[in-house]
Amino acid sequence: MASFDYDDAPANSAAPPSSQSQTPDAALGYDPNFVPDSVKTFVVHLYRHIREKNVYEIHQMYETSFQTLSERLFKDTPWPSVDAVAHFVDNDHVFCLLYREMWFRHLYARLSPTLKQRIDSWDNYCSLFQVVLHGVVNMQLPNQWLWDMVDEFVYQFQSFCQYRAKMKNKTEQEISLLKQFDQAWNVYGVLNYLQALVERSMIIQILEQEKEGLEQFTATDGYDYSGGSNVLKVLGYFSMVGLLRVHCLLGDYHTGLKCLLPIDISQQGVYTSVIGSHITTIYHYGFANLMLRRYVEAIREFNKILLYIYKTKQYHQKSPQYEQILKKNEQMYALLAICLSLCPQVKLVEETVNSQLREKYGEKMIRMQRYDDEAFGIYDELFSYACPKFITPSAPSFEEPLVNYNQDAYRLQLKLFLYEVKQQQLLSGVRTFLKVYSTISLGKLANYMEVDEPTLRTILTTYKHKTHAVDVDGKIVSNADVDFYIDDDMIHVVESKSSKRYGDYFLRQIVKLEGLINDLDRIKLD
């Protein structure tokens, strides 16, 4: 339902030019006050299920009924306005906020929102989060909906920044609105809400206590079976993923990964209970590690999620998120191709993922190893295709001439990435020779590489630096599949071997055996 793609929603062909005087609704003959019977039934039942905390029914209506009605009645128009449906639900303030949240999400997905609608959506999120943070929320909502709230909040922020940065063709009315509502989708406001949800929910402490066996948050998928509410806790949990994503959009990868630290992504968690959350988390986690030169960590996580998508994607074919799952899948294969070209650690990749990767990017990866201008161009192409849609969060200059600056942040990140690739290209020759020899003298290698010994020492030191990175705990770790040390002008080559982990294999076999024993116990012998 919520998109975890970062492109702006395509403008609807029937929508008029982006003028505030004539809305897309008017052009389509849309009456915001007309409520079809099926919509009346939908809101009445949804309201009742929310009051009864019937999570299963809420989820069915949210995931299936809302999609079906949208497809049948509101393909090219918004849903009825909140004022038109409010009296069917006792004018319940919180329900109306939730309805408007869905209303705006549908608008973003199907139409092109006006600037006023973007601002109204911001106001609605502020009101909704204020209720969650400071009110008494006595309801349980499905994880899917809570994830979509955080996901859409970040998406609309990103979309607003991109929209605001295209100043060239803005009308006077739009510029006037931007000046008047300069706090709408302000980067500090967005970060403050996400951070407040994390802190107020006490989710970091809850996850810490769970490690000590004092809490049951992950075991219950975040739901509260004692009659309480899951809303604040789960919103706080997903807000940590939201913060990672916002910081990646801003190019601050260290802070993004720091925000995600309380979630142990090596384990199943609440973030894996929603496919969109799972993919978004690992995509941004892997991308941040790639940009911080922690290639091994990025490869490991991309491999796991790509294998998971390969095994489970058929179960999501009817999901409204299916296209987004496929797109993110393709982008992560491109990022994996980049990681393996900069850090050849194929041993970390499962055979299934490796064969898919070779099918998609095998030829390009061979060319990327050549370290010439063509290879440089492929790095540029793959990065541009697979990176997040970076944003410039600062307010525009309203002085003439008005210019578009929506590509500035992307160009800066691309420049930084390609600068790193250029440096890695200079080291390609070293690795080639180190793969061939187990020991070689400095003089001999200098001769082969056609440089003098002092220059070779500099190159080797640079190689050491570039194949090591600082991990999340501040320790220096090696990314190299080939390492070396120098002793008395002799270079000794050490091939890094990934330590085999047998534990998982044996645990899987034990579970299988227990399943077989249980099946045999059920069979009654004559």
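This is a conversation about a predicted model, covering its cysteines and some of its helices.

Visitor: Why is cysteine 248 not in a bond with the closest cysteine sulfur?

Guide: The sulfur of cysteine 248 lies 9.9 Å from the closest cysteine sulfur, which belongs to cysteine 259, and because a disulfide needs the two sulfur atoms within 2.5 Å, that distance is too far for a bond. The structure as a whole holds zero disulfides; cysteine 96, for its part, is in none, with the nearest cysteine sulfur, that of cysteine 126, 18 Å away.

Visitor: What makes cysteine 248 and cysteine 96 count as buried or exposed?

Guide: The word buried applies under 20% relative accessible area; cysteine 248 has a value of 0% and cysteine 96 a value of 12%, so cysteine 248 is buried and cysteine 96 is buried as well.

Visitor: How do you know which way helix α10 runs relative to helix α11?

Guide: The axes of α10, residues 203–211, and α11, residues 231–250, come within 9 Å and cross at roughly 95°. Because angles from 65 to 115 degrees count as roughly perpendicular, α10 is described as roughly perpendicular to α11. On the α10 side the contact is made by Ile203, Ile204, Ile206 and Leu207, and on the α11 side by Lys233, Gly236, Tyr237 and Met240; by class, these are six nonpolar, one polar and one charged residues.

Visitor: What makes helix α6 mostly covered?

Guide: Of the 20 residues in α6, 14 are buried. This helix, residues 115–134, reaches 28 Å from its first C-alpha to its last, close to the 28 Å expected at 1.5 Å a residue.

Methods: Residues numbered from 1 in each chain as written. Predicted model: local features only at pLDDT ≥ 70, side-chain atom pairs only at ≥ 80, totals over all residues. Heavy atoms only, no water. Buried < 20%, exposed > 50% of the residue type's maximum accessible area, 1.4 Å probe, protein only. Axes fitted to C-alpha atoms, helices over the stretch in contact; angles between N-to-C directions. Helix = DSSP H or I, 4+ residues; strand = E, 2+ residues; numbered from the N terminus. Parallel < 35°, antiparallel > 145°, perpendicular 65-115°, else oblique. Contact = heavy atoms within 4.5 Å. Nonpolar A, V, L, I, M, F, W, Y, C, P; charged D, E, K, R; others polar. Expected span 1.5 Å × (residues − 1).
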